[in-house]
Amino acid sequence: MASNISIISSMATRQVLADLVAQFQQTSPQQVSVESVGGVDAARRVQGGEAFDVVVLAANAIDKLIEAGRIVPGSRVDLVHSGVSIAVRAGAARPDIDSEEAVRQAVLAARSLGYSTGPSGLHLATLFERWGIADTIRSRIVQAPPGVPVGSLVARGEVELGFQQLSELIHQEGIDVLGPLPAAIQIVTTFSAGLSVTSTQAPAVGELLDFMVSSAAADIKRRNGLEPA
């Protein structure tokens, strides 16, 4: 049996990877460990040469690591598609978010807003600029540090309206998920896996990734608020 397969990922795929690994290990003796941190930190550590077998990040981050020579070219596989949802503290008033204008009004009315340092946060910052409200709400924005779930800030009452990948909000206690961003302003991030150049067990990694993209993994992905890629 190959030695332990080590995976580093962003927080957006923490729970789905844990569930996928647990399912994989029901039929395989292969040992797998997953470390989930802020996506920015994960990319920095891989870029710095830290040894892992598999890297799971947003597709564009994987592509950058391939270009940098840190992930084996041709090894990228797309795992899931992830959309952004909105949450409030459990029991709080639920603003209308059914249209782009409704979300804009909810943002303007909120005393505080939270988003992450990941793809969803970048999208929202751009959206607020396009709406012409970035300066108006700048002092109300709380950007969660890498690895800190936006939902945890919402649950503690530090943020009134929180935006993050549904996969990160869905397991957070103390919040109510209002629903996804409307289609007109939704951003869907593809999260992908790649074989690290530091790995010495490509065949074992290949078996694991084959399972993760198989139809047998689809239900696990959906239960975690994600769509199979």
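**Exercise 1. Determine whether Ser192 is buried or exposed, and describe its surroundings.**

Solution. Ser192 has a relative accessible area of 0% and is therefore buried. Buried means under 20% relative accessible area, exposed means over 50%, and partly exposed lies in between (1.4 Å probe, protein chains only).

The structure is a predicted model, in which local features need pLDDT of at least 70, side-chain atom pairs count only at pLDDT 80 or more, and totals for chains, interfaces and linings use all residues. Residues are numbered from 1 along each chain as its sequence is written, and side-chain values use heavy atoms, with hydrogens and water left out.

Next, locate the residue: Ser192 belongs to strand β9, residues 188–195. Helices (H or I, at least four residues) and strands (E, at least two) are DSSP runs, numbered from the N terminus.

Then consider the side chain. Ser192 and Asp78 are joined through their side chains by a polar contact of 2.6 Å. A polar contact is a pair of N or O atoms within 3.5 Å; within protein, one must be able to donate a hydrogen and the other to accept it, and residues adjacent in sequence count only if both atoms are side-chain atoms.

Finally, list the contacts (heavy atoms within 4.5 Å). When neighbours within four places in sequence are left aside, the residues in contact with Ser192 include Val55, Leu57, Ile62, Arg76 and Asp78.

**Exercise 2. Carry out the corresponding analysis for Gln164 in strand β7.**

Solution. Gln164 is placed in strand β7. Its relative accessibility is 2%, so Gln164 counts as buried. The side chain of Gln164 makes a polar contact of 3.2 Å with that of Glu168. Beyond the neighbours within four places in sequence, Gln164 is in contact with several residues, among them Gly83, Ser116, Ser120, Pro149 and Leu169.

**Exercise 3. Identify the buried residues of helix α1 and state where they lie on the helix.**

Solution. Helix α1 spans residues 14–24, and its buried residues are Val16, Leu17, Leu20, Val21 and Phe24. Seen down the axis of α1, these residues fall within an arc of 130°, so they line one face of the helix. The arc is that of the directions from the helix axis to the C-beta atoms. The packing partners of the buried α1 residues are β1 (5–10), β2 (32–37), β3 (54–58), β4 (77–89), α9 (202–212) and α10 (218–223).

**Exercise 4. Describe the largest pocket by its volume and its lining.**

Solution. On a 1 Å grid over the protein atoms alone, a pocket is an open set of points where a 1.4 Å probe fits, with protein on both sides within 12 Å along at least five of seven lines; lining residues have an atom within 4 Å of a point. The largest pocket holds about 560 Å³ of space. Its lining comprises 34 residues, and Gly39, Val40, Thr117, Gly118 and Pro119 lie nearest the centre. Helix α3 gives the largest share of this lining, five residues.

**Exercise 5. Describe the second largest pocket in terms of volume and lining.**

Solution. The volume of the second largest pocket is about 150 Å³. Among the residues that line this pocket are Met11, Arg14, Pro149, Glu168 and Gln172. Helices α1 and α8 (166–169) each supply at least two residues of the lining, and the largest share, three residues, comes from α1.

Notes: Grid points are joined across faces, edges and corners, and a volume is the space filled by probe spheres set on the points.
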